[in-house]
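Me: I am new to this structure and would like to go through it slowly, asking how each term is justified. Could you set each value against its definition for me?

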Amino acid sequence: MTMENFTHLLQHPVYQLIETAADKLGVSAYVVGGVVRDYILHRPSTDIDVVVVGSGVELAQAVAREISPNLHVNVFKNFGTAQFFYHGADVEFVGARKESYNPDSRKPVVENGTLEDDQNRRDFTINTLAIALNGSEKGTLIDSFGGIQDIQDKRIRTPLDPDITFSDDPLRMMRAMRFASQLGFHIDPETFRAIKDNAHRLEIISKERIVEEFNKILLSPKPSVGIQLLDEAGLLVQFLPQFDKLKGVEVINKRGHKDNYLHTLEVVDKIAMVSSNLWLLWAALLHDIAKPATKKYDEEHGWMFHGHEYVGSKMAGAIFRSLKMPVNEKLKYVQKLILLHLRPIALVEDTITDSAVRRLLFDAGDDIDDLMLLCEADVTSKNPEKIKRCLANFAKVREKLAEIEEKDRLRNWQPPVSGDLIMQTFGLHPSEEVGIIKTAIREAILDGVIDNNFEAAFELMLKEGEKLGLKRNDL
Ligand code: ATP
Ligand code: MG
């Protein structure tokens, strides 16, 4: 226990009300865990966890009465917790508890306990801190495991025997890596050793929980920190085995390809610097995932990864499904970026034709800006001149994209002549002819043969109809 008073950290107005209500009920209440850690680190935090030595539900209801008779309190009887929202915070109350575990589950047997029991069940010393909210103790920091020192030293360490902590709840191994990546902390050697030894226990954790932590790693300032730690500890291979295959360099006739694992980490880190779009980060993570599967050595061209963008976008689907991730428009977006990730580079290599730029805009649609971010991040080389040259070329592509987009508005292209109008004009039912005419119009626009407007498209439709021997039905 330190003598310093921490009342100044209790800025949120709910604390005053908790003090009043807890004093009236004659119970001791504490704010605990991650929120205290975040206050000390000056990180924003909107989840306030309150532990009471007594009934969490009763205290929550008493505090709610102090606020307003109408404030809605969510009570979770089975868990003995209660929660409400107040002044932008999600405030949760729970009775202090003691936990014990069975080896085959991460769901503990729970009984009432003391504040110390409650601190014992927490995962890392930095997450055990509690500040008393009422009575004569108010403002006292209860730091039973040296959590403050560990915050200062940027150390992640379990409060109790790490082997027991991780074996009880293996999700904590993912959380350790996540905190290291998120906060830029290091993992204490003994804690890290225990994670390695218990890594196989991750098998009892649901994919959803694993992905939740992994996503937080991807969203951290430098995701490679967390990913490398997951890899070193033997956790990564358990839920993302495909990623492991990216490692290493093969050499034939003194020609090697780049290490796609290290390259991918670099690309992900670069995206993290410019975007907090989780799905763009996933696209970066998986953009070269099919390189190992498509790798071939060719005497003339050296190492080739023919079709890796196509195979990779398929693999992304399989990976999302294996991780129980949403198979929806997010996946489609990731697959689209993987599929298109070579296209802007191809544009650079040829002389940039308007038609190729139009096709890229058409295919990428609204995701063109994200695609360009991915492609720019994809430029990794030890040669700074080469990087400069590539980025200058991409700048040219961007200019051209902007120019063509302004002229042709292809980003969210809608056919200027609809299928309905084609059918009306020629008295057709839905049929092959309608498709042929629509395709001809689209191709002509993309090739720049006609302008992207109704008049030009209508005229072409008439010509195409004539070619097919169709008669006008609308005159
Ligand atoms: P974040 O809010 O950024 O996810 P956090 O540490 O606040 O991080 P929460 O899930 O909000 O994490 O949990 C709040 C507190 O509950 C933690 O700080 C920790 O004390 C405790 N806790 C959460 N999950 C676990 C766990 N799996 N094992 C032990 N204690 C946990
Ligand atoms: Mg939290």
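Reply: Pro384 is found in helix H21 (residues 384-408), where helices (H or I, at least four residues) and strands (E, at least two) are DSSP runs numbered from the N terminus. This is a predicted model in which local features need pLDDT of at least 70 and side-chain atom pairs count only at pLDDT 80 or more, while totals for chains, interfaces and linings use all residues. Residues are numbered from 1 along each chain as its sequence is written, chains are lettered from A and ligands numbered from 1 in the order in which they are written, and side-chain values use heavy atoms, with hydrogens and water left out.

Me: Why is Pro384 called exposed?

Reply: Pro384 has a relative accessible area of 59%, and exposed means over 50%, whereas buried means under 20% and partly exposed lies in between (1.4 Å probe, protein chains only). Pro384 is therefore exposed.

Me: What makes H13 roughly antiparallel to H14?

Reply: Helix H13 (residues 260-274) and H14 pack at an angle of about 165 degrees, with their axes 8 Å apart. Axes are lines fitted to C-alpha atoms, for helices over the stretch in contact, and angles run from 0 to 180 degrees between N-to-C directions. Angles under 35 degrees count as roughly parallel, over 145 as roughly antiparallel, 65 to 115 as roughly perpendicular and the rest as oblique, so H13 is roughly antiparallel to H14. Thr264, Val267, Val268, Ile271 and Ala272 of H13 make the contact with Leu280, Leu281, Ala284 and Leu285 of H14, contact meaning heavy atoms within 4.5 Å.

Me: Why is H14 called oblique to H17?

Reply: H14 and helix H17 (residues 329-340) pack at an angle of about 45 degrees, and their axes are 9 Å apart. That angle falls in none of the other classes, and H14 is therefore oblique to H17. On the H14 side, Trp279, Leu280, Trp282, Ala283 and Leu286 meet Lys330, Tyr333, Val334, Leu337 and Ile338 in H17.

Me: What is the largest nonpolar core, and which residues have the most contacts inside it?

Reply: The largest nonpolar core, a set of buried Ala, Val, Leu, Ile, Met, Phe, Trp, Tyr and Cys residues joined through side-chain atoms within 4.5 Å, has 135 residues, and Phe214 and Trp282 have the most contacts inside it. Its largest share, nine residues, comes from helix H14 (residues 278-286). Leaving aside neighbours within four places in sequence, Trp282 is in contact with several residues, including Phe214, Phe320 and Val334.
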